[in-house]
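This report introduces one structure to a reader who has not met it before. Please look over the sequence and the structure shown here before reading on.

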Amino acid sequence: MDLDVYVTAHRAEWERLDQLLGRGGKLTGAEADELVALYQRAATHLSIVQSSAPDPMLTARLTQLVARARATVTGTRRSSWRDATRFLTAGFPAAVYRSRHWWIPTAVLSTLLAVLIGWWIGTHPEVQASIGAPAELREMTRPGGQYETYYSSHPAASFAAQVWTNNAQAAAMCLVLGAFLGIPVLWILFLNMLNLGVGIGLMSSAGRLDVFLGLVLPHGLLELTAVFVAAGTGLRLGWTVIEPGPTTRRAALAERGRAAVGMAIGLALILFVSGLIEGFVTPSGLPTWARVTIGIAAELAFLAYVYVLGGRASRAGDRGDLEEPDRSATLPTAA
């Protein structure tokens, strides 16, 4: 595309749009209709320039012009409780539901990796010796040892806050770093599964695997599911860089990036719940079956939330993205 010819052909429209915008709300009905038509054309021109001849100065000028026109046409929109309700009942669960083909395989493969690591450590004394001295391992795995006292080593409220902060950071890193082809996400997942596998292996070698699972399952089911959702979404974002689908790479990354940001907020709420369970239920005096039942109930509630509310919202067309008025206009792309 010859940029000079394109600018010459459309400069008059841009100047007329700028002129109408400078008059504020003092427009006749015909002028208001003209402003809307010119805004739509300018948005299309901006998309064409960005995709065909991305000149920085022209792009900045058109971006500013389109933003001003958009604010005039749509008006200023303020967030409200309605937005928060829609996010919790439709946007977030729909985003999790739509990415299930990524996070479910991630969960299965990661769990298998943790079990494999646990089996390897538990059946190979030489591997255990590389982790720590025999006296140290006994101190970790004995009744009342470090694995058992870890969850009650700090006041419940501060422990829950610390756990929530650490897990929320890990989930956010998976979502944000997914754009780097998903490679950092795989490393974060591996470290998490390695820690879990070490616990499984050492406690099973001491004949106390049931105790370990009784401590991990109450909070771990929901906590790990949130991490798997974040990791799967991050990997999906990384794959979008390679294969954006029928839209442009910019548009695909923008849509899935916005959904990922929303999921970071939603997963922080889910991890807050798992943090409360880890801080108050896991170290409590409840019998093991009661603590595990609470963990299973929390996990089933989350899955029902995703598959019932999220599935319904997804079938209704919700993609977990911003609502249409809040998204930038894009140029249609042929499949």
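## An aromatic pair within one helix

In this predicted model, Phe302 and Tyr305 both belong to helix α13 (residues 288-315), where they stand 3 residues apart, about one turn of the helix. Both Phe302 and Tyr305 are buried, and together with Phe87 and Phe92 they form one aromatic cluster.

## An aromatic pair between helices

The count of aromatic pairs comes to 6. One of them joins Tyr147 and Phe212, whose ring centres lie 5.7 Å apart with the planes at 90°, so that the pair is edge-to-face. This pair links distant parts of the chain, since Tyr147 sits in helix α8 (residues 146-149) and Phe212 in helix α11, 65 residues apart. Tyr147 is buried, with a relative accessible area of 18%, and Phe212 is buried as well, at 6%.

## Packing of α10 and α11

Helix α10 (residues 183-205) packs with helix α11 (residues 209-242) at an angle of about 170°, and their axes are 11 Å apart. Angles over 145 degrees count as roughly antiparallel, and α10 and α11 are therefore roughly antiparallel to each other. Residues making the contact include Leu189, Met193 and Leu196 of α10, and Phe212, Val216 and Leu224 of α11. The residues of this contact divide into 16 nonpolar, 3 polar and no charged.

## Annotated regions

An unreviewed UniProt entry carries the annotation "transmembrane region" for residues 102-121, 170-191, 211-238, 259-277 and 289-309. In the model, residues 259-277 are 100% helix, with their end C-alpha atoms 27 Å apart, while residues 289-309 are 100% helix, with their end C-alpha atoms 29 Å apart.

Key. Residues are numbered from 1 along each chain as its sequence is written. This is a predicted model: local features need pLDDT of at least 70, side-chain atom pairs count only at pLDDT 80 or more; totals for chains, interfaces and linings use all residues. Side-chain values use heavy atoms; hydrogens and water are left out. Axes are lines fitted to C-alpha atoms, for helices over the stretch in contact, and angles run from 0 to 180 degrees between N-to-C directions. Helices (H or I, at least four residues) and strands (E, at least two) are DSSP runs, numbered from the N terminus. Angles under 35 degrees count as roughly parallel, over 145 as roughly antiparallel, 65 to 115 as roughly perpendicular and the rest as oblique. Contact means heavy atoms within 4.5 Å. Ala, Val, Leu, Ile, Met, Phe, Trp, Tyr, Cys and Pro count as nonpolar, Asp, Glu, Lys and Arg as charged, and the others, Gly among them, as polar. UniProt positions are given in the numbering used here, feature names are shortened, and annotations may be inferred rather than shown by experiment. Rings of Phe, Tyr and Trp (its six-membered ring) pair if their centres lie within 6.5 Å; planes under 30 degrees apart count as stacked, over 60 as edge-to-face and the rest as tilted. Buried means under 20% relative accessible area, exposed over 50%, partly exposed in between (1.4 Å probe, protein chains only).
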